[in-house]
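Got your viewer open and a selection box ready? Here's a short walk through the model, one stop at a time.

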Amino acid sequence: MGVVTFGNLVMDCILRVENIPDRDEKTFARSLAMHPGGPAVHFALMMNRLGRKAKVAGVTGDDGLGGELRRRLSGEGIGTELIRTLPGQTPLSVILIDPSGEKRVIIAPSRFRQEDVPPPSSLLACEAGSVQHLHTHLFLPEHVEAALRRAKAAGIGTSVDIEPSSARRWGPGRAKKALALADTVFINEAAVRLLFPGEPSLEDGIRSAAGLGAKTIVCTRGASGSLAMHGDTFFECGAFAVDAKNTLAAGDIFAAAFVHRLMAGGGAGDALRFASAASALAVGRDGDAPHYPPEGEINDFLRGRHANVQTHGVKP
């Protein structure tokens, strides 16, 4: 059994620059690389690196970028039979990365209309026994909601990534609806504040998110580490100290590593530590493409490092 990811499929054009240009300023790139991108792609590639079979569902255009994206995914061992081709342009993401590892992203979106995208029944092969987990993000509302419901009905584990920009596009009400349909939710601090503005603290916001129905809420906080709520317990993991060189796909790599560890039978605290290490390794590796660390590399990184996960009960 494997993993299916569903989401926005793009081709990333990655430019490493000495500085992010200001208005009317030019700068020269030190390097240029093209790489398949989008949350679904990064999640699938990380799962594949961790030894799990992964398929990507979504749409690309019938242009050269779409063909190259599908070819590269197939070359990495990712199943592409759930990717549909529509007339038009495949989305292109231009990513500027400075020497500190920070990035700026410009996306040239596709012009696909939601009504032109095949229904979830043909996009997603979520049959019990063939798929163990479905991961998605706030992409096409009707499709995401239908996919999560279908997976849930088939007894398949589900996770969703909620970013502030996507939550604003969907609207808080609909974003909360997707949150309630998933078993595991990945969300950052800004998105928690956006969806639950009346809560006095981050933990209160996470608790409200969990109250909608998800089993596990994982909140990432960048250099401040991560916080997860599972059952009646909060788990807090500090960030591992690394020299950040490339933050590209770090959040998707974190999410995939966390789900992988849960699927392997680990607890939320263990998964949080494992995912934090995977993200640290990704961020600390210089290069023109994301680094998807295999399990052996993550375990070697953790070996000799003291457990840094703190736990405490959920306040009533």
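What follows is a list of selections, with a note on what you'll find at each.

Before you click: this is a predicted model, so local features need pLDDT of at least 70 and side-chain atom pairs count only at pLDDT 80 or more, while totals for chains, interfaces and linings use all residues. Residues are numbered from 1 along each chain as its sequence is written, and side-chain values use heavy atoms, with hydrogens and water left out.

**Stop 1: strand 2**

Select residues 10-17, which make up strand 2. Helices (H or I, at least four residues) and strands (E, at least two) are DSSP runs, numbered from the N terminus. How many of its eight residues are buried? Eight of the eight, where buried means under 20% relative accessible area with a 1.4 Å probe, protein chains only. Color the two sides separately: V10, D12, I14 and R16 sit on one, M11, C13, L15 and V17 on the other, and both faces are covered.

Now bring in the neighbors. Strand 3 (residues 29-37) runs antiparallel to strand 2, joined by eight bridges; two strands pair if DSSP finds at least two bridges between them. Across from M11 you'll see P36 of strand 3. Next, add strand 6 (residues 92-97), which pairs with strand 2 in the parallel sense over six bridges. Pick D12 and look for its bridge partner in strand 6, S93.

**Stop 2: helix 6**

Jump to residues 172-181, helix 6, and show A175, A178, L179 and L181, which are buried. Look down the helix axis: these buried residues fall within an arc of 165°, so they line one face. That arc is taken from the directions from the axis to the C-beta atoms.

**Stop 3: the aromatics**

There are four aromatic pairs, counting Phe, Tyr and Trp rings (the six-membered ring for Trp) with centres within 6.5 Å; planes under 30 degrees apart are stacked, over 60 edge-to-face, the rest tilted. One of them is F186 with F254, edge-to-face at 6.5 Å centre to centre and 90° between the planes. F186 is in strand 10 (residues 184-188) and F254 in helix 9 (residues 250-263), so the pair ties together parts 68 residues apart in sequence. Both are buried.

Then select F240 and F301: ring centres are 5.2 Å apart and planes at 80°, so this pair is edge-to-face too. F240 is in the loop between strand 13 (233-237) and helix 9, F301 in helix 11 (residues 295-302), 61 residues apart. F240 is buried at 13% relative accessible area, and F301 is buried at 11%.

Last selection: add F258 to F186 and F254, and you have one aromatic cluster.

Key. Buried < 20%, exposed > 50% of the residue type's maximum accessible area, 1.4 Å probe, protein only.
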